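Got your viewer open? Let's take a walk through this structure, one selection at a time.

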Amino acid sequence: MAGLQQKAICTLPKSGVLLHDVIVTELWILSLVIITALAFDFTNGFHDTGNAMATSIATGALKPKLAVALSAVLNLLGAFLSVAVAATVAKGIVNLDSITGEALLTVVFAGLVGSILWNVFTWLKGMPSSSSHALFGGLIGAALASMGFSGVAWGGVLPKIIVPALLAPVVAGLVAAVGTRLIYKLTHQVPGKTKETGFRWGQVGSASLVSLAHGTNDAQKTMGVIFLALVAHGAISPDSPMPFWVKASCAAVIALGTYLGGWRIIRTLGKGLVELDSPQGMAAESASAAIILTSSSLGLPLSTTHVATGSILGTGLGRRGATVRWALAGRMAVAWITTIPAAAAVSALCWAVAHFVGGAAGMVLVFGVLAAGCFVMWRMSRQDPINPDNVNDDWEAENDPVEETTAARFSAEQNSSAPLMAVS
Amino acid sequence: MNIADVAGSLLKVIAVGLLLGAGLPAVFALGLRGVSRTVEIADPEVPGEVLTRTSRTGMILGLLCFGLVGLAVVIGIGWIILN
């Protein structure tokens, strides 16, 4: 607020000029929050592409670029289809009712920054993680920093965050395992080629459904955040319908993020966790689609990432002799547990900086930190880039030291007689 | 939403999840089984030899299964739109 007060002293004591400065400052802040919200939406997009498409890309049912394009279009469609009024963001988890105006915008802004940084970090590590949890964590951290203990509705944390997070992968795994077992039992006699082709088509269908479901579910988060910011600014009332430009921008941005495709995460889901065949791929995505749609309609929204990962693991369990990399699954579980505390810590820190520097200057500073952090992480990702061309490479050779030696020796022998194979 | 509500919704999610998430792929698998079923008939040209051709009943039942899956998907999408 220091910046605002200085302006008040320096300008002529005409009420019109003073009001103008206040409005301009607040507009700056609002714009920054909206831009940051859309940035979160973007990370949400590329983080979750794999949930729908990783299995189809891994089995070759869809070519990588086609898969992400299809997913992007369906996400766009889904986002426009989501008619439900975007409920107050993180209602029942954080108590945002008690603050208004610039204070509220600062909390929301800091929350977004924390969640974006976590999303980009987990992307760098190729770790699927819940964007919903990242956002919750960010808002929790900022709310705690600004309001103390009462900023969080602790009674809501267990039923709305912890229980769904524990149940989602288990339920998804169960459904996928049952589906996989049934599929293999029923198609025992079916000739290989028919089976492969048939289930590839099944994969395309089920993956499309997951993309559509994702679009209807996830774009709403950002719509809700922007809506909240607009209400805080006073541009609209809490009862207003969702402005079309909010819906359109959130839809477009999440689709763009989806199209860019978090290849690092796609690779982990499609090749890292389980060695998949088409039937398994279809079983996994069908389970995911059914669970995501059912749970959101029952008001028990589960994280699409938790569900999709659980399904993929379950499909490994459902098929006899399938490879499941439990060590990786364990690392993922750690990442999931860390999500909320980590995002909360970062956003609490960001809130503190924004608050104590004050006004638009504080937020611009934090925004600069956000941009710098993302840039650094992006540069780090270029050291071992994953893209459509190497997303389907064998997992073993790269990540298992023992296998790497064997692979290196093998390719050394090959080099003398065959053209060099591309190494990622 | 308290724990009892969550438990109730959870059971519903499991039930519908199994029915649609595991059931529909199973029906799809049945469909594949149907359309790939073959029957053997005596070779009219070479006595003692058999030929195989795709079973007509298999094909019909198989396509019915696919139709059922397709219908479920369309209903599902319509349901998303309306909700």
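Before you select anything, here is a term for the tour: a crossing of two helices is left-handed if the near helix is turned anticlockwise from the far one by less than a right angle, and right-handed if clockwise. Keep in mind, too, that you're looking at a predicted model.

**Stop 1: helix 7 of chain A and helix 1 of chain B**

Try that term out right away. Select helix 7 of chain A, residues 192–233, and then helix 1 of chain B, residues 3–35. The two make a right-handed crossing. Their axes come within 10 Å and cross at roughly 145°. To see who touches whom, show Thr194(A), Lys195(A), Gly198(A), Phe199(A) and Gly202(A) on helix 7 of chain A, and Phe28(B), Ala29(B) and Leu32(B) on helix 1 of chain B. Sorted by class, this contact has 4 nonpolar, 3 polar and 1 charged residues.

**Stop 2: a salt bridge in helix 7**

Stay on helix 7 of chain A and pick Arg200(A) and Glu196(A). They form a salt bridge, with the closest N and O atoms 3.0 Å apart. Arg200(A) and Glu196(A) sit 4 residues apart in this helix, so about one helical turn separates them. Over all chains, the count comes to 5 salt bridges.

**Stop 3: helix 10 of chain A against helix 1 of chain B**

Keep helix 1 of chain B on screen and add helix 10 of chain A, residues 278–297. Helix 10 of chain A and helix 1 of chain B pack at an angle of about 145°, their axes 8 Å apart. This crossing is right-handed. On helix 10 of chain A, the residues in contact include Met282(A), Ser286(A), Ala290(A) and Thr294(A); on helix 1 of chain B, look for Lys12(B), Val16(B), Leu20(B) and Phe28(B), among others. The contact splits into 10 nonpolar, 5 polar and 1 charged residues.

**Stop 4: helix 6 and helix 10 within chain A**

Now hide chain B and select helix 6 of chain A, residues 154–186. The axes of helix 6 and helix 10 of chain A come within 8 Å and cross at roughly 140°. The two helices are therefore oblique to each other. Helix 6 of chain A passes helix 10 of chain A in a right-handed crossing. Among the residues making the contact are Val171(A), Val175(A) and Ile183(A) from helix 6, with Pro279(A), Ala283(A) and Ile291(A) from helix 10. What classes do the residues of this contact fall into? There are 11 nonpolar, 3 polar and no charged ones.

**Last stop: the whole interface**

Bring chain B back and zoom out. Here 38 residues of chain A are in contact with 28 residues of chain B. The chains bury about 2900 Å² between them, 86% of it on carbon and sulfur atoms. Highlight Leu186(A), Leu298(A) and Leu300(A): in chain A, they lose the most area to chain B, together 18% of what that side buries. And how many salt bridges cross the interface of chain A and chain B? The count there is 0.

How values were computed. Residues are numbered from 1 along each chain as its sequence is written. Chains are lettered from A and ligands numbered from 1 in the order in which they are written. This is a predicted model: local features need pLDDT of at least 70, side-chain atom pairs count only at pLDDT 80 or more; totals for chains, interfaces and linings use all residues. Side-chain values use heavy atoms; hydrogens and water are left out. Axes are lines fitted to C-alpha atoms, for helices over the stretch in contact, and angles run from 0 to 180 degrees between N-to-C directions. Angles under 35 degrees count as roughly parallel, over 145 as roughly antiparallel, 65 to 115 as roughly perpendicular and the rest as oblique. Contact means heavy atoms within 4.5 Å. Ala, Val, Leu, Ile, Met, Phe, Trp, Tyr, Cys and Pro count as nonpolar, Asp, Glu, Lys and Arg as charged, and the others, Gly among them, as polar. Buried area is the accessible area (1.4 Å probe) that two parts lose on being put together, summed over both. A salt bridge is a side-chain nitrogen of Lys or Arg within 4 Å of a carboxyl oxygen of Asp or Glu.
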